[in-house]
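Thanks for making time. I will go through one model today, sheet first, then helices, core and one polar site.

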Amino acid sequence: MATLTATKLHFDIVGSFLRPNAIKQARADFTAKKIDQEQLTTVEDEAIRDLVAKEIDAGLKIVTDGEFRCSYWHLDTFWGFSGIAHTYADHGYLFHDEETRNDSAQVVGKIAFDPEHNDLKAFKFLHELVQDQPGIIARQSIPSPAQFYAELVRGVENEEALHKYYPDHAELVHDIGQAYHDLILALYDAGCRDVKLDDCTWGMVVDSDFWQEMTNGEFDRDALQDTYLELNNAAIEDLPEDLRISTHICRGNYHSTWAAKGGYAPVASHLFAQEKVDAFYLEFDDERSGDFAPLAEVPAGTQVVLGLVTSKRPELEQKETLIKRINEATQYVPLENLSLSTQCGFASTEEGNQLTEQQQWDKIRLVVDTAQEVWGD
């Protein structure tokens, strides 16, 4: 297990931030071929420098690049692996009253880590910004291996392509695990000591209604959980001791909408009890997330980061309410092993959620202020 100072912090963020207008305009100009990649990168670099300064000013000790170089929280990482193509599905992801863009990722060869992976390049720039600032840690968030697998079997075309190159499940698990393991080690060699695996698979598998619609009733929750756990643990075994590995579990976050509902009880014995991470970042911002009782399955010493401050809505939570809910969670996890964060990022895709940048920073400062009152950080 990791022994970073970061594990002792009691306030945090999930990672993505609302894209500033300069980024939005530059991306539009790049798509229209008015500017080239170098010009787009220059705009991104400047926006990330400004963001990191704001994160530090807000009191954060773990900082991210806001995912400013990404269109999606997950697909950009998938496209960076060898053997994966950027494709388009018949439909986008279905959210509550809304459908996303229809980008996807499909197998076109054997899956492997590419030393030129975009996430590695992105982290190197972030790390350079903070490496000389004491007490500030640069985090790289990547979608989980289970999420990668879920994309590769999303829809008939993706599934057929996967089976063409990987008729053997064991070989698929090995190659996905190895590709991720190599990416994580490359990040470590570049100075990364904090990697977070973002994962919607567990947040979807708890929702029986969602899977009834997706699979016409052909849904084996335990078999899916076995597969997800096998993939995720394969990627994070035998990593350096001083590398903190965490995971964020989400039920969907797009333009302030959601995709799934349900508490953690159906997955607790797999996810909480068996996934070998240092910390769980968990949605608990409304009734869709269920109660705290499943946290009893979390192993002793593992950190639980309570996502009590929503990133979906602009209304600011009451500090007193947050403190009450933190105290409720101590029935299952000791206070010293709890932390507070936003429930998700503010822009899982470049569209972003429906709140202003000022409201975004108000939420973050509330997280920091509340944690300082509860834990004295």
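A residue counts as buried when its relative accessible area is under 20%. By that cut-off, strand E9, residues 194–199, is mostly covered, with 6 of its 6 residues buried. Please keep in mind that this is a predicted model.

Let me stay with E9 for a moment. Side chains in a regular strand alternate between the two faces of the sheet. In E9, Asp194, Lys196 and Asp198 lie on one side, Val195, Leu197 and Asp199 on the other, and all of them are buried, so both faces are covered.

What does E9 pair with? On one hand there is strand E8, residues 140–143, which runs parallel to E9 and is joined to it by 4 bridges. Within that pairing, Gln140 stands opposite Val195, and Ile142 has Leu197 as its bridge partner. On the other hand there is strand E10, residues 244–249, paired with E9 in the parallel sense over 6 bridges. Val195 turns up here too, opposite Ile245.

Now the whole sheet. It is open, has 7 strands in parallel pairing, and the order is E1-E13-E12-E11-E10-E9-E8. Which strands stand at the edges? They are E1, residues 11–12, and E8; each has a single partner strand, so one side of each has no neighbour in the sheet.

One residue of E10 deserves a look, and that is Thr247. Its relative accessibility is 0%, which is why Thr247 counts as buried. Leaving out residues up to four places away in sequence, Thr247 touches Lys196, Leu197 and Asp199, and also Glu275, Val277, Ala279, Phe280 and Tyr281.

Moving along the sheet, strand E12, residues 303–309, is mostly covered as well: 7 of its 7 residues are buried. Strand E11, residues 279–283, pairs with E12 in the parallel sense over 5 bridges, and Tyr281 stands opposite Val305 of E12. E12 is also joined by 5 bridges to strand E13, residues 338–342, again running parallel. There, Val309 of E12 faces Thr342 of E13 across the pairing. To get from E12 to E13, the chain passes through helix H12, residues 319–329, and this β-α-β crossover is right-handed.

Next, two helices. Helix H13 covers residues 357–375, and its 19 residues should span 27 Å at 1.5 Å a residue; the end C-alpha atoms are 27 Å apart, so the two agree. Its buried residues include Trp361, Ile364, Leu366, Val367, Val368 and Trp375, but also Gln360 and Lys363. What do the buried residues of H13 pack against? The list is E1, helix H2 (37–57), E12, H12 and E13. After H13 comes Gly376, with a positive phi near 75°.

Helix H10, residues 221–236, has 16 residues and reaches 23 Å from first C-alpha to last, close to the 22 Å expected. At its start, a side-chain oxygen of Asp220 comes to within 3.3 Å of the backbone nitrogen of Asp222. Among the buried residues of H10 are Leu224, Tyr228, Leu229, Leu231 and Ile236, together with polar ones such as Gln225, Asn232 and Asn233. Just after this helix, Asp238 takes a positive phi of about 60°.

On to the core. In soluble globular proteins, nonpolar side chains tend to be buried together. Here the largest nonpolar core has 97 residues, and those with the most contacts inside it are Ile111, Leu295 and Leu306. Helix H7, residues 169–189, gives the most to this core, namely 10 residues. Taking Leu295 from that group, its contacts beyond four places in sequence are Phe272, Leu282, Phe284, Val304, Leu306, Tyr332 and Val333. Apart from the largest core lies another one, of 6 residues, among them Cys200, Met204, Cys250 and Ala260.

Last item, the polar site. Asp103 is found in strand E6, residues 103–112. Is Asp103 buried or exposed? Its relative accessible area is 7%, so Asp103 is buried. Which side chains does Asp103 contact? One polar contact, of 2.6 Å, goes to the side chain of Tyr72, and another, of 2.7 Å, joins the side chains of Asp103 and His86. For spacing, the C-alpha atoms of Asp103 and His91 are separated by 8.5 Å, with the two residues 12 apart along the chain.

That is what I had; the floor is open.

Methods
Residues are numbered from 1 along each chain as its sequence is written. This is a predicted model: local features need pLDDT of at least 70, side-chain atom pairs count only at pLDDT 80 or more; totals for chains, interfaces and linings use all residues. Side-chain values use heavy atoms; hydrogens and water are left out. Helices (H or I, at least four residues) and strands (E, at least two) are DSSP runs, numbered from the N terminus. The expected span of a helix is 1.5 Å times one less than its number of residues. Buried means under 20% relative accessible area, exposed over 50%, partly exposed in between (1.4 Å probe, protein chains only). A polar contact is a pair of N or O atoms within 3.5 Å; within protein, one must be able to donate a hydrogen and the other to accept it, and residues adjacent in sequence count only if both atoms are side-chain atoms. Two strands pair if DSSP finds at least two bridges between them. A crossover is right-handed if, with the strands pointing away from the viewer, the path from the first strand over the helix to the second runs clockwise. A nonpolar core is a set of buried Ala, Val, Leu, Ile, Met, Phe, Trp, Tyr and Cys residues joined through side-chain atoms within 4.5 Å. Contact means heavy atoms within 4.5 Å.
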